[in-house]
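This report looks at how some strands are paired and at the enclosed spaces found by a search of the structure. Please have the sequence and the model open while reading.

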Amino acid sequence: MDVSQALNIINDWKPNQVETLADLLPIELINEAYSLTDTVTMRKRKLTLESMVWLLVGMAIYNNKSMKDLVNLLDIVDRTGKAFVAPSALTQRRKTLGESAIKAVFTCMTTSWIKSANLPQWNGLTLLGVDGVVWRTPDSPQNNDAFSRQKGTQYPQVRMVCQMELSSHLITGSAFDDYNVNEMVLAEKLIETTPDHSVTMFDKGFYSLGLLHKWNQTGQARHWLIPLKKNTQYEVIQSLGRNDKLVLLRSNPRARKLWPELPETVTARLVTRKIKGKDYQVLTSMVEALRFPSKDIASLYEHRWEIELGYREQKQYMLGNRLTLRSRLPELVKQELWGILLTYNLIRYQMVELSFSLKGNYLPYQLSFNGTLAHITALLVGLPYSTPGAIPRQLKGFHNMAESLILEGRRERTFPRTVKPRPQRYAKNKKAAHLK
């Protein structure tokens, strides 16, 4: 029994208050996503559409397996029942699929998950975070031509900027390009897909009046929050409290040339918070003092670190510290990245469902990602070989163990944040002859 057959059997069994694993990747949403691209002709091919999606999911979860082992492990077969064990055949199918199709699948799935997640809000706003990350690609001639490399590294790299809903860690949008492309250029691509009635938190590296102004002016109530960058010039126009002021920020001619809609001045709110005798200041577009109290804003920025934890979950836990992606062609590199984001959201949405089944007000980020990943991995391996009668029992047991995934409260930081040296695969030989 292949994966799609096992998942169809699961769909026929829906106990009260227990969602099925197949609901994470409904076939109708996959078909809807493919219909938005030019890949609908793949229906006539031997390898089914849903099998290609599960292949990319398997590449992210079982990243240490070869393509041949991956197909056998997930029991991915064609319409005739024959396994696609030839790597060349799978590569050709991935080329036919392309990047746009799996991006459409990611968008459709994520939209559906966010609507079903019933996410909490802060003063009527969805909490979002934006940050960048770098991925390393194989050192192939095609990747070398398409992607630049960071100084001191031997591998071409891709720069990615993601937007995350911070209570669930669901990735709501992403943009990536060559390593030399600036993060603010990629962040601009996320403006159109940012939900209304939200507040997006940036680190100070994203400070650009043009970007922040456009972010706030697009849609309805799309607010932003960012730490005050050193040497930023501002003029206080009104005091709202001891540590709360309305300020005027002035744009320069170069910024107005890059952002034609940017005015000469932008009004923002400056909130100061003192921690252990040191002042921390944040700028925000939330200028309504009665609706957004300064004490709430001052403690809000610390939630931005959730996106940093999300990147760690992807790279260390889900990919097992695999430093390099497996795709050797640029178009397949981008397809693999969308597959990684889709797989991450698949796991994270399952954690949303698990948090619903717990007694108490637990948020998804308070559950163990590593533990959930281990259980989902075991389920994906076992489902194709399970009898139909055993599947409901396995799923019920999966949801019943949600309490064991609750994390302990986070401890306070003992040491200040520091830049750590880049880890090396091999130890340095300080007694080498050529060093003498």
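In this predicted model, strand 7 and strand 8, the latter covering residues 265-275, run antiparallel and are joined by 7 bridges. Within this pairing, Lys245 of strand 7 has Leu270 of strand 8 standing opposite. Strand 7 also pairs with strand 6, which spans residues 235-241, again in the antiparallel sense and over 5 bridges. On that side, Ser239 is the residue that stands opposite Lys245, and the link between strand 6 and strand 7 is a hairpin of 2 residues. The two pairings are set out below.

| Strand pair | Sense | Bridges | Residues opposite each other |
|---|---|---|---|
| Strand 6 and strand 7 | antiparallel | 5 bridges | Ser239 and Lys245 |
| Strand 7 and strand 8 | antiparallel | 7 bridges | Lys245 and Leu270 |

How much of strand 7 is buried? Strand 7, made up of residues 244-250, is mostly covered, with 5 of its 7 residues buried.

A separate topic is the enclosed space. When the whole structure is searched, 3 cavities of 30 Å³ or more are found, and the largest cavity holds about 70 Å³ of space. Its lining draws on several parts of the sequence: Met59, Asn63 and Trp135 are among the lining residues, as are Leu319, the run Arg322, Leu323, Thr324, Leu325 and Arg326, and also Glu336 and Ile340. Sorted by type, the lining of the largest cavity consists of 6 nonpolar, 2 polar and 3 charged residues.

Note on methods
Residues are numbered from 1 along each chain as its sequence is written. This is a predicted model: local features need pLDDT of at least 70, side-chain atom pairs count only at pLDDT 80 or more; totals for chains, interfaces and linings use all residues. Side-chain values use heavy atoms; hydrogens and water are left out. On a 1 Å grid over the protein atoms alone, a cavity is a set of points where a 1.4 Å probe fits but cannot get out, and a pocket is an open set with protein on both sides within 12 Å along at least five of seven lines; lining residues have an atom within 4 Å of a point. Grid points are joined across faces, edges and corners, and a volume is the space filled by probe spheres set on the points. Ala, Val, Leu, Ile, Met, Phe, Trp, Tyr, Cys and Pro count as nonpolar, Asp, Glu, Lys and Arg as charged, and the others, Gly among them, as polar. Buried means under 20% relative accessible area, exposed over 50%, partly exposed in between (1.4 Å probe, protein chains only). Helices (H or I, at least four residues) and strands (E, at least two) are DSSP runs, numbered from the N terminus. Two strands pair if DSSP finds at least two bridges between them.
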